[in-house]
Structure formats: C-alpha cells, structure tokens
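Colleague: Could you give me a close look at the enclosed space in this model, and at the elements around it? I should like the account to run on into the helices and sheets of the chains.

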Protein chains: 2
Amino acid sequence: MAEDTVEPAARDDEGYALQRDRVEQVLLAINAGDSARLGKLLDQMHPADVADLMEQVGDKTRQLLLRFWGRDIDGEILSELDEGVRAEVIESLPDSVLSEAVLDLESDDIVDLVEDLEDDRKDIVLGSLPAAERIAVEQALSWPEYSAGRLMQREVVSAPEHWTVGQAIDFLRREDARLPDQFYHVILVDPTMTPTGYVTLGKLLSSSRKLPLKSITEHSFRTVPVDMDEGEVAYAFNQYHLISVPVVDHDDRLVGVITIDDAMAVLDDEHEEDILLLAGVAEDSSLSDSAMETTKLRLPWLAVNLATAILASLVIALFDDVIAEVVALAVLMPIVASMGGNAGTQSLTVAVRAIATKDLTGSNVWRVVGRELVVGLLNGLVFAVVMGIVALLWFGSGQIGAVIAVAMVVNLAVAALAGILVPVTMEKLGVDPALASGTFVTTVTDVVGFFAFLGLAAVVLL
Amino acid sequence: MAEDTVEPAARDDEGYALQRDRVEQVLLAINAGDSARLGKLLDQMHPADVADLMEQVGDKTRQLLLRFWGRDIDGEILSELDEGVRAEVIESLPDSVLSEAVLDLESDDIVDLVEDLEDDRKDIVLGSLPAAERIAVEQALSWPEYSAGRLMQREVVSAPEHWTVGQAIDFLRREDARLPDQFYHVILVDPTMTPTGYVTLGKLLSSSRKLPLKSITEHSFRTVPVDMDEGEVAYAFNQYHLISVPVVDHDDRLVGVITIDDAMAVLDDEHEEDILLLAGVAEDSSLSDSAMETTKLRLPWLAVNLATAILASLVIALFDDVIAEVVALAVLMPIVASMGGNAGTQSLTVAVRAIATKDLTGSNVWRVVGRELVVGLLNGLVFAVVMGIVALLWFGSGQIGAVIAVAMVVNLAVAALAGILVPVTMEKLGVDPALASGTFVTTVTDVVGFFAFLGLAAVVLL
C-alpha cells in the first residue's frame, strides 16, 4: 500500500509529470466513446492531474472528453484548470452540472471560479448555492480583484480570547461537521471580533485542558488587511514562514483567513507573470491557447520591438557614408549591440527579481547602481581588449580595433546602468518593472551602442 | 494592539519592504557604537527582516554591526541570510557564539546552515549539539544535496495505526516538550514504521476520543522517497495542495517530514534560478555580492555571447561586397536580427516555464511545436508586410522591400521553432533548459536572419 502512495498511480517514476501511458489509455477510451472506462480512469486521478490532462490534449479531444464524461466533472477539477481552458469547459457545461460541481467547493475556490463568469451564468450558479454560502461569495466578490478579500476563505475557526484549551476542544468537537477541511490555527478574538492572537492546533492538542488559550498563543501572529494586494500577502507568507493568516476589515474585525497553499499558488502565479513579462509574453497566455490567440498576444510586443529596432536603424543611417567607406563596420556592428543587449538583460533581470523580493530598496539602491556601473566598466574593459585584438587581427586595422574597444566600454557601462535605472524608475512610477523594461533597456543599448561605435568610427576613420 | 499587528513595526504601510527610518535608526546606532540601542532595535524585528537588513547594508556597516551585536545573533537570523552573506557572517563569529546560535534551530535548518561550513567548523558545531540532534543532522547530511532528505525535518509526530483519537491526544499531551514547533498531521505507521496514512490535527481535535485514527485519515495522503529532488517535492506540494508530507527511505520506513513552508522556499529558489539563468546570470549571484564577484559571475556568459556574436559577424562578412554596394542593407540588418531574437525569446520563455510546470510533456510537445511554427509564420507575415512597406518608402526600392519581407518570414518562423526545440532537446539530454537555451536560440536567429536577409539581397540586388 505504501508502495502505491510513493509513486502516485497517474505519475511516472521520473517524478510527477503525467504518465504517458495513462494519457494514452484516456485517449483510447475517448476515441472508443467508452464513458464507463473513461470515468474509471479519471476517477483514479487527482483533480489537478485531470486538469493538466485536459489542458494538454487538443481542443477536439477535450470536447469529446466533455461529451462522454462532462456530467461527472467535479468542482475541484474546474478550480485547477487554466483560465482559458476553464472558460471553454464551463461554457460547454449545462447549468445544472455547473451548479452541482460548485457545491463541493470552499468559498475561496467558488469565488475564483465565479469571478470570471458572465453575469447571467454567475447569477445561476450563485442562486443554486445555500444562502449562507451565497452571501459569503457575494461579499468576497465585493473586494477588489487580486486582494486578500478575494483570496481568503470565509470559513474561520475562532474562539473568545478568555477561553481555556478544554473549552476550545469541546467547541471544536461540537462544530465538527461545520469546520473547514483545512485549518491550522484557532484564532482568538475579543468581544468586537478583533483577532488578538492565535493558537496552533499542535499546541492545543498537547496542552492541558485547564490552560488559558492566551498562555499558548504564537509569537508569529499577524493579520492582513482585506484590501492588501495578494502579491504582498504571498510575500509575507514566504518571508515570515506563515501557515495561515487572519484577514481583517477596516474596523479590524475578523472576516476570513488565508492559508499557505493559496499563498503558494499566488507566489507561483507572480513568478509566471514576471518571467513571461520580461520576455514580452502576455501574462495570461497559456500553452492551450490556439495559434491565432497566441499570435495576437505576442504581436503587440513584437510591434513595440520593431519600432525600437527602426529607431536603432535610424542611428545607423546617420552614418551610412562611413559604412560605405569601411564595410568592416557593418560586420562588427552587431557585436557591439549584442554585447550591450546581453549585459543590459543581466543587470535588468537581477534588478527586477530583487525588486520583486524586496531586496532592492531605498536603503541600498545607490550602492547597487554603483556596483552595476563598476561591473559594466570592468566587463567593458575585458571585452574591449578582446574585441580590440580580434578586430585588429581580422581587419588589420588598429584604428578599427581602437574604435570597437572604446565603444564596448561605453556600451557595457550604459547597459549596466540602464538595466538597473529603468526598472527602479518604473517601480517608482507604479508600473510593473517586468512589463516594458526589456524594450527600454535594449533600445538604450542599441542606440548608444551604434552611436558610440559608428560615431567614433566617423571621427577616427573618415 | 491589533493595529500594531496589521502593520508590523519594522515594515512600512505600502507593504512589507523594510521601513526606511527603521534602517536609519539601526545605522545611527551602529555609527554611534551604541550596542544597547542596537540590540533593542534589532530584537523588535523579525529574524527574516534583520537578515534582509544585514544583506542590504554595505560590507563595512555589516562588519560594524557584527562587532557591536554579533554575540547576540540567533540561529534563525543565520538561517534567513543569503548564502554569500551568511558565509561571511559565520566566518566572523567565534565558535562559541555559532554553536550557541545553532542550538535553537530545528534539524532541517541546522542541516541547511552546516552543509556549507568548512570541515573543521562543521565538526565544532556538530560536536556541540546534543547527541540525538547531532546524529539526526549527520544522517541528513548523508543524503544528496537538494534531495528530500536534506529538506526534511527529522522530528516527526507519528502514532501506531491501530490507536484511537483519545490515545493520540494523550500521547501528544505527554510529549508536549518534545514536539516540533510546527506540525500539521499525525502520521500513522505500521509496526515496521511504514507510513500508512495521516490525520490532520483539525480532525483529531474535532473527533470523538473513541474513534479509531484509521477512520479519519486524509484522502490526500502520499509520501515522497528520501532521494527525490527538492524541486519535484516542491512541485508536488503546489500541484496537490499538500501541507506536510512524510518522507520514507528505500525500505519505505518513515525517516522525516517536509512541511509546506520549506517547499514554498524551494519553489521560490527554483524560480529565481530559472529567471536568472534565462538572463545569463549565475543562479547563486546575490545583490550583496561585490562588484568584482559580480563581474566574475557575469563574464563567462558575456564571453559565450561574444563567441556567438562573432559567428553572426562571420555570416555578415560573407556578404561584405553586397553591403558595400547597397548600404541600406547595413541599416536594415539589425531589424531582422532584433525581431528574430525577440520572437525566439518569447517562444523560449514560454517553453522553459511550461517544462518547469510540467505542462509541456511528451503528450503535447508536437502540438505545441506546430502551434509555435504557425505563430512564427503568422507574425512573420504581418511584419513582412509592415517592413516591406517601410523599406520601400525609406529606400525607394521594391527589391529591398521584398528581400526584407521574405527574410522576416523565414527568421520569425525559425525563431519560433528554435525557441521550443532547443529547450525541449536540452531537457531530453538532462540539461536544465533555462541554462544555455538563450544563447543557442539567439545564435540560430542571428545566423539565420543575417544569412536569409543578406543572401537573398546578394541574389536579388547584385
């Protein structure tokens, strides 16, 4: 039995990627239209793995899968799906199936599902929830998107701060059926429902019944305001090793609780956003998007890049007479641009990451800017020597060698500075530094690189 | 009081970045050599925030801080420090202070601290631990780096599978002082110490004492082998919403437990690694590295880039006669290269991220490759038309317009293909796809871009 749990049935031995033969069995069952077999195969899998499978198969296969099995889909699978695929799946489900599926979920997962629905379907789903749950979901939806209020679950386990361990345990036994699936603390509240501390379940279990709860509260206790950005919440979980955090409204009253598994999912999403934005890919793009959708998502960034590339070309055009004279310049030109672009990207990525992890702040920004400048100059000197010699040997001209050497120092120093100053400035302006920094930085390095190299060449060689 | 917890004292109201005036107070106390004031300020801060502050101040300030306050440093602060700064701090601490600091930590944190120490200091620290703890740390160190065995804590809370809820609670009360600070499950074991299920503390608290533990075990139960890679472990936590996971040895015996806060830290590290490697920055670089260290870490990547840039220049050199004839080609050349590089980076980043999240697998790789090719062709067509017209208007030559249009389609299609095929191939070869994919992809796009553009120009224009 333990053997079975070490390597979950649907995953292969190299780790957790979906097992290929399991996927093939599912595909066979779909193609055979064998609903019974399909249901059996999918029931054995974790909802997160079923969701991955639905994302990985093509559009047509997914529609067949839904036709043969869609009525059995459960809410957890819907929760696990990427937004794009989820919208498509939800659209294909009859109202009754959707309402049924949503019933099993905790309020935070229902909110996550419902917030993207069109109004008429949202009303149908909300209408089919029990009154208490419906109100909870509607209240959550009243908080801004990406806020703690949307992320939290409203099912909280709290106790008056004057209770003893025994009173709390008796209360939990009575409440059994109404408790959330997962909770890690009992939150102590004062008579106005303001949280004043919390007790871990481990301490509650191991302490004597007579002890007051107040005497075993955790030092790590902190709360978050309901309108805090979810990225800040995830940062706090990671920074302070939190497991669950009470959420309070503007009057400091307890309104919900956020648990670490949700914070971990947010952290993962924020990572995805950063890495994709840095590469000029829309943050909400997904592997299951069609070619047409993907083209539309990537085109705007390429268009911006084209505009900046044309700007760089205009700089080159300024010097077309010197290039016509010395074609070696056209040969060497891309080296200056490429080195500048790379050095700028290094500096930029470190800065964007450091801003995200709050390691780059007002206290150290100037020291880091200084460091980047020195790094740019040092690397510039190294590659100035290398490229000076390469150009001398290649084209037999000390002058061309000298020109590319100086251009290399100038460009790598400017690249390093742009790499840090651009994202820091964007952050100050309230723009996500991952968003357009890449274009700005490469525009600067291209323009400065070409200008330094060709301009110097014009002075020295003509 | 609640007010105080909403915004922790050392953090400002915009969120969790270190509060600037707190940092300034600390700096003042350091400069005044006021140990008492310094100790008071730092004691009020969370260890993770003290660690951030130590990373953010300069080298000299950090040395002063350690001189006035180093003897009071606690193990948790050491645990929170970046590896580079930590090595420097540990080196400056007397053996007695280091041994004392380490005593407060759980075994997984001690392992994390001790694994990077030099042998003689490692022996001193290990020698000062209580025997049971020392053996636990030594056993953990016998597992490979970055394995579940290094990540887990050895303090586990387990119970025989035939116990009742009441027996488990009585056991926990007796064990109080010996229980780990944080635990979320009681793990059920059979007589050979093989884990067979687990019970959440919430269920234990809310169930009647007579119930057998077996009747309230969790469906989500799974174990991980002690030699599993920590990245896989973190993936499993995120995918299956786990909170803690028992770790088993090769005989399926329980040897430790991994909790979600450690998995979250690993997920964060893996992301940092991906984003930095994609930008050609060594994964272990840190904002607190000196300019010289940083230069050394970034130089190798720039050197590789120089080699590939020279390769691209050699392609240009093949066509120097046509450039000498038509200088417009030198002006337009960087546009083709830049568009190819950007399209390749888009495709590459999506692929690297999808491989990391296991969304790109054997089941869908060919469909995704096909999609990328179509996307490349579609974007290529759009920008072929745009650049064809721009070139025609700019240089008054339909031939140059036609040449750049065709080159654009070829280059964007090749960029899209290289962007996905390179990382997929590296993954197959067992190399981290984030590592050198960037260089390969831009080399392909530069070489193909220049060759297509200038080669066509040579045929059409000469």
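Modeller: The account below begins with the empty space and then moves outward to helices and sheets.

The model is predicted: local features need pLDDT of at least 70 and side-chain atom pairs 80 or more, while totals for chains, interfaces and linings use all residues. Residues count from 1 along each chain as written, chains are lettered from A and ligands numbered from 1 in written order, and side-chain values use heavy atoms without hydrogens or water.

Searching the whole structure yields 8 cavities of 30 Å³ or more (on a 1 Å grid over the protein atoms, a cavity is a set of points where a 1.4 Å probe fits but cannot get out, and a lining residue has an atom within 4 Å of a point). The largest cavity has a volume of about 1,100 Å³. Its lining comprises 47 residues, and those nearest the centre are A:N342, A:T345, A:T442, B:T345 and B:T442. Both chains contribute elements that give two or more residues each to this lining. From chain A these are α16 (260–278), α17 (291–318), α19 (328–356) and α22 (433–461); from chain B they are α16 (260–278), α17 (291–318), α19 (328–356) and α22. Helices here are DSSP runs (H or I) of at least four residues and strands are runs (E) of at least two, numbered from the N terminus. By residue type, the lining of the largest cavity divides into 21 nonpolar, 24 polar and 2 charged (Ala, Val, Leu, Ile, Met, Phe, Trp, Tyr, Cys and Pro are nonpolar, Asp, Glu, Lys and Arg charged, the others, including Gly, polar).

One of these lining elements, α22 of chain B, also packs against another helix. Helix α21 (residues 398–428) of chain B lies against α22 (residues 433–461) of chain B at an angle of about 155°, and their axes are 8 Å apart. The two helices, α21(B) and α22(B), are therefore roughly antiparallel (an angle over 145 degrees, on a scale from 0 to 180 between N-to-C directions of lines fitted to C-alpha atoms). Their contact involves 24 nonpolar, 6 polar and 1 charged residues.

A further helix pair of chain B consists of α5 (residues 59–69) and α7 (residues 83–92), whose axes come within 11 Å and cross at roughly 40°.

Turning to the sheets, chain A holds an open sheet of 3 strands in the order β1-β2-β3, and its pairing is mixed (strands pair if DSSP finds at least two bridges between them). At its edges are β1 (158–160) and β3 (195–200) of chain A, each paired on one side only. From one strand to the next, the twist averages 30°. Strand β1(A) runs parallel to β2 (residues 185–189) of chain A, and 3 bridges join them. Within this sheet, A:P160 has A:V189 in β2(A) as its bridge partner.

Chain B likewise has an open sheet, in which 3 strands follow the order β4-β5-β6 with mixed pairing. Here β4 (224–225) and β6 (254–259) of chain B form the edges, and each of them pairs on one side only. Strand β5 (residues 244–248) of chain B pairs with β6(B) in the antiparallel sense, over 5 bridges. Among the residues involved, B:P246 is the bridge partner of B:V257 in β6(B).

To return to the starting point, the largest cavity is lined by residues that include A:T442 and B:T442, both among those nearest its centre.

Terms used: Parallel < 35°, antiparallel > 145°, perpendicular 65-115°, else oblique. 1 Å grid on protein atoms, 1.4 Å probe; cavity = no way out; pocket = protein on both sides within 12 Å on 5 of 7 lines; lining within 4 Å. Points joined across faces, edges and corners; volume = space filled by probe spheres on them.
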